[in-house]
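Here is a walk through one predicted model. Keep the structure open as you read.

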Amino acid sequence: MTETLARLQEVTRRYGEVTALDTTSLEIREGELIGLLGPNGAGKSTLVNLLAGLRRPSSGSVSLFGGPPGDPARRRLLGMTPQETGLPPTLRVRECVDFVAAHFPSRADRDELLERFGLTGMRDRQIGGLSGGQKRRIAVALAFAGRPRLVLLDEPTTGLDVEARRALWEAVRAFHADGGTVLLTSHYLEEIEALAQRVVVLGKGRVLADDSLAAVRGMVGVRRVSLTAAHLPELPGVLRAETDGDRTHLVTADADRLVRELVGSGVPFSGLEIRATTLEEAFLAITARDDAPAAA
Ligand SMILES: Nc1ncnc2c1ncn2[C@@H]1O[C@H](COP(=O)(O)OP(=O)(O)OP(=O)(O)O)[C@@H](O)[C@H]1O
């Protein structure tokens with residue numbers, strides 16, 4: 001049976017009046033690559049910090065490798081890149097990797113690690129002289145320095161250009177292919193689609209969906225209806241509308257009804273296309289549904 005590496009059970013975390021996580025349960029099993037998706041303030045960082053033992057729950061329980069996350073022996077099996085990191089500016093890149101690795105009993109090969117994250121060319125440079133994106137790449141690489149079993153990456157590629165982002169995805173994939181387990185949060189839906197097998201959608205501190213990428217899309221059943229028309233009447237069930245040149249794109253949970261109404265309205269249109277949604281559209285539909293008043 002696959003081992004559970006980390007678990008939140010009915011966890012609530014409050015900051016004063018704000019409930020950042022609301023009776024949330026989640027299990028991370030060995031070998032998974034989980035994408036944690038949610039709008040600003042959904043509770044993603046709070047969840048990551050609870051798993052890393054940096055915060056304690058207001059109620060409920062959190063376990064990491066079968067015990068309390070604050071326990072140093074357990075923390076040594078965990079790699080983490082928080083949302084914001086400060087790196088010592090006077091250390092050289094290789095020195096910084098060695099310094100972090102020295103805290104772990106099992107260490108990644110430094111030069112291999114630098115190579116994997118595209119940092120070989122800057123190994124002898126002082127961190128203070130590097131760009132924000134370069135520092136971010138180092139901060140992510142450091143999460144892997146102690147050969148962790150589980151890695152938590154909180155928005156790992158924020159601020160990186162496309163090339164650096166792709167290099168980092170490759171490194172995460174390679175770690176996962178070697179049997180590593182990863183939980184990553186991201187605002188880049190493309191990133192979740194590119195990496196994750198399981199998607200957890202958080203909204204207002206609650207798990208709105210926890211399933212495979214395909215299932216999360218299927219669950220909301222959202223379709224994108226595109227057409228060209230000079231003028232469109234009011235149509236039912238439109239979750240979002242966008243125009244792109246002369247094309248109009250309508251996101252809806254009931255494409256059949258929308259098209260019936262459109263045809264019934266007698267308005268001329270052409271180039272009708274209906275397709276499955278991207279994760280972004282599915283995600284917007286899930287969170288929109290959560291905001292909607294309960295059906296009578
Ligand atoms: N230290 C804190 N003190 C007070 N409120 C906090 C604190 N940390 C988080 N919060 C609040 O808890 C809620 C969840 O925040 P959290 O940072 O976990 O969300 P997030 O999903 O990571 O957001 P983002 O995508 O913007 O990083 C927010 O309303 C936030 O303002």
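Start at the ligand. Its surroundings are Tyr15, Val18, Ala20, Gly38, Asn40, Gly41, Ala42, Gly43, Lys44, Ser45, Thr46 and Gln83. By character, these shell residues split into four nonpolar, seven polar and one charged. Which element gives the most to the shell? Helix 1 does, with three residues. Strand 2 also supplies at least two residues, as does helix 1.

Now follow helix 1 itself. The helix spans residues 44-51 and is mostly covered, with seven of its eight residues buried. The buried set is Lys44, Thr46, Leu47, Val48, Asn49, Leu50 and Leu51. Lys44 and Thr46 thus appear twice in this account: both are buried, and both belong to the ligand's surroundings. Just past the helix, Gly53 adopts a positive phi of about 80°.

What does helix 1 lie across? Strand 1, strand 2 and strand 4 are beneath this heading, and the helix runs at about 125° to strand 1. These strands make up an open sheet of three, ordered 2-1-4, with antiparallel pairing. Strand 2 (18-29) and strand 4 (59-64) are the edge strands, and each pairs on one side only. On average, neighbouring strands here are turned by 15° against each other, direction ignored. Look next at how strand 1 (residues 4-15) meets strand 4: five bridges join them in the antiparallel sense. One pair to find is Thr12, whose bridge partner in strand 4 is Ser59.

Move on to strand 3. It covers residues 33-37, and four of its five residues are buried. Strand 3 has a parallel pairing with strand 7 (residues 181-186), over five bridges. There, Leu33 has Val182 as its bridge partner. Strand 3 also runs parallel to strand 8 (residues 198-203), joined by four bridges. In that pairing, Leu37 stands opposite Val201. In general, strands of a sheet pair through backbone hydrogen bonds, either parallel or antiparallel.

Another sheet lies further along the chain numbering. It is open, has four strands in the order 11-12-10-13, and pairs in the antiparallel sense. Which strands stand at its edges? Strand 11 and strand 13 (270-276) do; each has a single partner strand, so one side of each is left without a neighbour in the sheet. Neighbouring strands in this sheet are turned by 15° against each other on average, direction ignored. Strand 10 and strand 12 (residues 247-252) pair antiparallel over six bridges. Arg223 marks one of these contacts, with Thr252 as its bridge partner in strand 12. Helix 9 (residues 255-265) lies across strand 10, strand 12 and strand 13. Its direction is at about 20° to strand 10.

Finish at Pro233. This proline sits in the loop between strand 10 (223-228) and strand 11 (238-244). Is Pro233 buried or exposed? Pro233 is exposed, because only 12 or fewer neighbours are allowed for that class and Pro233 has 11 other C-beta atoms within 10 Å. Leaving aside residues up to four places away in sequence, Pro233 touches Ser265 and Val267. Compare its position with Pro89: the two are 144 residues apart in sequence and 59 Å apart in space, C-alpha to C-alpha.

Key
Residues numbered from 1 in each chain as written. Predicted model: local features only at pLDDT ≥ 70, side-chain atom pairs only at ≥ 80, totals over all residues. Buried ≥ 20, exposed ≤ 12 C-beta atoms within 10 Å, placed from the backbone. Pairing = 2+ DSSP bridges. Axes fitted to C-alpha atoms, helices over the stretch in contact; angles between N-to-C directions. Contact = placed C-beta atoms within 7 Å. Near = placed C-beta within 6 Å. Nonpolar A, V, L, I, M, F, W, Y, C, P; charged D, E, K, R; others polar.
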